[in-house]
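Here's a quick briefing to read with the model open beside you. Grab a viewer and follow along.

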Amino acid sequence: MRPMRSAVLSAALAGAAAAGLLALGACSNQAPEADASASATPGSAPDPMAPDNAPHVTVIEPVVKLPAVPGNPGVLYFTIQQDAGKANTLAAVHVDGAGRAEMHQTKTENGVTSMNRVQSVEFSQDQPVEFKAGGYHVMLFDLASTVKPGKDVEVTFTLANGDKVSTFAKVEETGAMEGMMDHM
Ligand SMILES: [Cu+2]
């Protein structure tokens, strides 16, 4: 058994961010122990000045899916697209009420499905990127109990150039069948 397979950065652009690539085969079942930052106060907004300043970038239908089993990670799905201008790179996602949000990519190779963390995802006018089951997704660790079905949570997308897009994602339960497969 060799869980450390090197992931191929799909949208491998000129950037050399591959150094810290992490294989997280088992992260659908267990959130790694949170370390020092566990005592952060949820009430204090990290960045009060986070305007939508990414020109021509649209996030479509963001949805937070709660874990079928409480305590497991949730997942965020959406589509991000560039409506005009040159390609952009999504570098980070923040979800209010999630202790941590990581971009992952699910892949099936030779019948084996695995999931890797990705540092960035490129999207463009020609190529919007869909975060959905079986592909890219944002895994949400340490979800607060305030993140409930029917609520909206604020989601902030940060691009590699520092621009941001903020929007609200609908919170939904995960159906039983979906839950069996988790977010894969
Ligand atoms: Cu994942």
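Let's start with Leu76: beyond its neighbours within four places in sequence, this residue is in contact with Pro62, Val64, Val93, Val95, Ala101, Phe131, His137, Val138, Leu140, Val155 and Ala169. Leu76 is also one of six residues, along with Val64, Val93, Val95, Val138 and Leu140, that touch the most other members of the largest nonpolar core. Keep in mind that this is a predicted model, with a mean pLDDT of 78 for the protein chain.

**The core**

- The largest nonpolar core holds 31 residues.
- Eight elements give two or more residues to this core: β1 (57-65), β2 (74-82), β3 (88-95), β4 (98-109), β6 (121-123), β8 (136-143), β9 (152-159) and β10 (164-172).
- Across the protein chain as a whole, 27% of the 184 residues are buried.

**Overall layout**

- The protein chain has one helix and ten strands.
- Going along the sequence, you meet the elements as β-β-β-β-β-β-β-β-β-β-α.
- Take the contacts between residues at least 6 apart in sequence: 70% of them join residues at least 24 apart.

**β8 and its partners**

- How many of the eight residues of β8 are buried? Six are, so β8 is largely enclosed by the rest of the structure.
- β8 pairs with β4 in the antiparallel sense, over seven bridges.
- β2 is also an antiparallel partner of β8, this time over three bridges.
- Met139 is a handy residue to look at here: in β8 it stands opposite Val75, and Glu102 stands opposite Met139 too.
- Asp142 belongs to strand β8 as well, and its phi is near 55 degrees, a positive value in a residue other than glycine.
- Asp142 counts as partly exposed because it has 17 C-beta neighbours inside 10 Å, which falls between the cut-offs of 12 or fewer for exposed and 20 or more for buried.

**Arg100, across from β8**

- Arg100 is in strand β4.
- Setting aside residues up to four places away in sequence, Arg100 touches Phe141 and Asp142.
- Arg100 and Leu140 are 40 residues apart in sequence, yet their C-alpha atoms are 5.9 Å apart in space.
- Is Arg100 buried, exposed or partly exposed? Arg100 counts as partly exposed, because it has 16 C-beta neighbours inside 10 Å.

**β3 and its partners**

- β3 pairs with β9 in the antiparallel sense, and five bridges link the two.
- Within that pairing, Val95 stands opposite Val155 in β9.
- β3 is joined to β6 as well, by three bridges, with the two strands running antiparallel.
- For a residue-level view of that pairing, look at Leu90, whose bridge partner in β6 is Val121.

**Two loop residues**

- Where is Asn110? Asn110 is in the loop between β4 and β5 (112-117).
- The phi of Asn110 is near 50 degrees, again a positive value in a residue other than glycine.
- Asn110 is exposed because it has 4 other C-beta atoms within 10 Å, and the cut-off for exposed is 12 or fewer.
- Ser145 is in the loop between β8 and β9.
- Ser145 counts as exposed too, because it has 7 C-beta neighbours inside 10 Å.
- The C-alpha atoms of Ser145 and Gly97 are separated by 8.0 Å, though the two residues are 48 residues apart along the chain.

**Where to be careful**

- In the protein chain, 67% of residues reach a pLDDT of 70 or more.
- Over residues 1-26, pLDDT stays under 50, and the model has 29 contacts beyond four places in sequence for this stretch.
- Over residues 28-48, pLDDT stays under 50 as well, and the model has eleven contacts beyond four places in sequence there.

Note on methods:
Residues numbered from 1 in each chain as written. Predicted model: local features only at pLDDT ≥ 70, side-chain atom pairs only at ≥ 80, totals over all residues. pLDDT = per-residue confidence, 0-100. Contact = placed C-beta atoms within 7 Å. Helix = DSSP H or I, 4+ residues; strand = E, 2+ residues; numbered from the N terminus. Core = buried A, V, L, I, M, F, W, Y, C linked by C-beta atoms within 7 Å. Pairing = 2+ DSSP bridges.
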